[in-house]
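The following note sets out numbered points on the structure shown below. It is intended to be read alongside the sequence and the coordinates.

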Amino acid sequence: QGKKLPSVFGTSEPQENAANLRTRGFELSVKWQDKFLLAHRPFEYRVGFTLADNITEITKFDNPDGQIDQFYKGKRLGEIWGYTVEGFFQTDTKYLDHADQTKVNRRIQRNYLINHPVAGDIKFKDLDGNEEISPGDKTLSNPGDLRIIGNTSPRYSCSLNLGFNYSGFDFSAFFQGIMKRDWWPGKDNSFFWGPFTRQYENFYPKSIEQNSWTPENPTSNIPRLNASDKYTNSASTRWLTSSDYLSINNITVGYTLPQQLVKKVMLDKVRVYFTADNVALISARKGLDPRQSYISATTALYTPIRTISGGISLTF
């Protein structure tokens with residue numbers, strides 16, 4: 001990301017190698033393998049564990065005003081700046097007792113449909129106490145009511161590898177996970193917002209009606225159902241979710257036939273095995289796989305596919 005240029009430039013800033021950054025972290029790898037006798041037969045087992053973490057921080061960038069939508073000295077990569085949400089307005093007139101929210105989104109300033117909050121709209125918290133919800137100058141010295149509410153960078157990547165061999169049987173399992181990561185859907189994520197992002201959107205999440213705010217459902221997670229909502233386009237704590245997860249990537253079970261049997265058919269080794277990939281996923285984030293890689297806010301790559309297979313390995 002290059003230095004922010006004036007609007008008279010006529011286009012977005014070109015990308016350039018303009019920032020200095022520093023990454024600090026650690027990597028830990030621990031392995032243990034041993035064996036003991038179980039029912040007069042050797043039981044061999046192994047355990048491997050890895051843990052890694054790093055933080056990348058900008059140490060130099062030409063941003064004298066400290067604009068928060070640019071790189072700035074001290075910025076951690078992955079920062080999410082957003083508003084703090086107190087809940088929803090429960091009546092059409094409650095906005096009169098609350099800080100003015102018209103500067104949260106350009107659509108409100110343009111008197112788009114309704115130029116003030118009504119029942120079922122998001123209520124943002126006035127953090128700077130000036131009776132106005134706004135992004136200020138979008139600078140470090142005046143961020144208005146914006147704060148760092150999360151970070152998209154994965155933290156504490158870990159894995160666990162288990163296995164054993166006993167009496168011809170072998171077993172292995174591989175677990176992998178991210179212990180800390182924040183996720184906000186983004187203002188153009190059609191898969192999450194449906195009609196809230198664009199009034200002409202033709203994709204509607206299955207649960208959107210039953211989860212939307214109504215007078216009978218005042219504690220819902222989604223605002224009142226309406227087209228192209230003017231408040232969901234701003235990052236906030238309301239839909240900031242944990243994107244950490246633990247996945248069972250692989251389980252393999254095998255059996256090697258006794259040597260005296262395979263020798264009779266002129267073979268050195270015969271092993272039968274079954275293996276499963278992408279067995280299970282444990283995550284607080286529902287509906288979307290946290291392992292997805294996003295090309296853009298609306299386009300995601302395929303997630304890992306669950307496969308189950310088996311085979312016979314013959315060694316001559």
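**Notes on the predicted model**

1. Asp69 and Lys4 form a salt bridge in which the closest N and O atoms are 3.4 Å apart. Asp69 belongs to the loop between strand 2 and strand 3, and Lys4 to the segment before strand 1 (20-38), so the pair ties together parts that are 65 residues apart in sequence. Asp69 is partly exposed, at 37% relative accessibility, and Lys4 is likewise partly exposed, with a relative accessible area of 38%. The model is a predicted one, and this contact should be read in that light.

2. The structure holds nine salt bridges, among them one between Glu79 and Lys75, whose closest N and O atoms are 3.7 Å apart. Are these two residues buried or exposed? Both Glu79 and Lys75 are buried. As a general matter, side chains of opposite charge can pair when their charged atoms come close.

3. A further salt bridge joins the side chains of Glu132 and Lys103, at 3.5 Å from N to O. This pair links distant parts of the chain, 29 residues apart: Glu132 is in the loop between strand 5 and strand 6 (147-151), and Lys103 is in the loop between strand 4 and helix 1 (106-109). Glu132 counts as partly exposed because its relative accessibility is 22%, whereas buried means under 20%. Lys103 is also partly exposed, with a relative accessible area of 40%.

4. Arg76 is placed in the loop between strand 2 and strand 3, and is partly exposed at 37% relative accessibility. Which residues does Arg76 touch, not counting those up to four places away in sequence? They are Ile55, Thr56, Glu57 and Asn151. In addition, the C-alpha atoms of Arg76 and Ser153 are 9.0 Å apart in space, although the two residues are 77 residues apart in sequence.

5. The largest nonpolar core has 24 residues, and those with the most contacts inside it are Tyr83, Val104, Ile122, Phe124 and Ile133. At least two residues of this core come from each of strand 3 (79-82), strand 4 (85-88) and strand 5 (122-124). Leaving aside neighbours within four places in sequence, Val104 is in contact with Tyr83, Phe124, Ile133, Tyr231 and Ser234. In soluble globular proteins, nonpolar side chains tend to be buried together.

6. A nonpolar patch at the surface merits separate attention. Val272, Phe274, Ile312, Leu314 and Phe316 make up this patch of about 560 Å². Strand 14 (269-283) and strand 15 (307-315) each contribute at least two of the patch residues. Leu314, found in strand 15, is partly exposed, with a relative accessible area of 46%. This value allows Leu314 to be part of the patch, because patches are made of residues with over 30% relative accessible area.

7. The pairing of strand 7 should also be noted. Strand 2 (residues 41-60) and strand 7 (residues 155-166) pair in the antiparallel sense over ten bridges, with Tyr45 opposite Phe164 in strand 7. Strand 7 and strand 8 (residues 169-180) also run antiparallel, joined by eleven bridges. Here the bridge partner of Cys158 is Gly177, in strand 8.

8. How many residues lie between strand 7 and strand 8 in the hairpin they form? There are two residues between them, and Ser167 in the turn has a positive phi of about 50°.

Technical notes
Residues are numbered from 1 along each chain as its sequence is written. This is a predicted model: local features need pLDDT of at least 70, side-chain atom pairs count only at pLDDT 80 or more; totals for chains, interfaces and linings use all residues. Side-chain values use heavy atoms; hydrogens and water are left out. Patches are made of residues with over 30% relative accessible area and no salt bridge: like charges are joined within 9 Å, nonpolar side chains (Val, Leu, Ile, Met, Phe, Trp, Tyr) within 5 Å. Accessible areas come from the Shrake-Rupley method with a 1.4 Å probe; for residues, only the protein chains shown count as cover. A salt bridge is a side-chain nitrogen of Lys or Arg within 4 Å of a carboxyl oxygen of Asp or Glu. Helices (H or I, at least four residues) and strands (E, at least two) are DSSP runs, numbered from the N terminus. Buried means under 20% relative accessible area, exposed over 50%, partly exposed in between (1.4 Å probe, protein chains only). A nonpolar core is a set of buried Ala, Val, Leu, Ile, Met, Phe, Trp, Tyr and Cys residues joined through side-chain atoms within 4.5 Å. Contact means heavy atoms within 4.5 Å. Two strands pair if DSSP finds at least two bridges between them.
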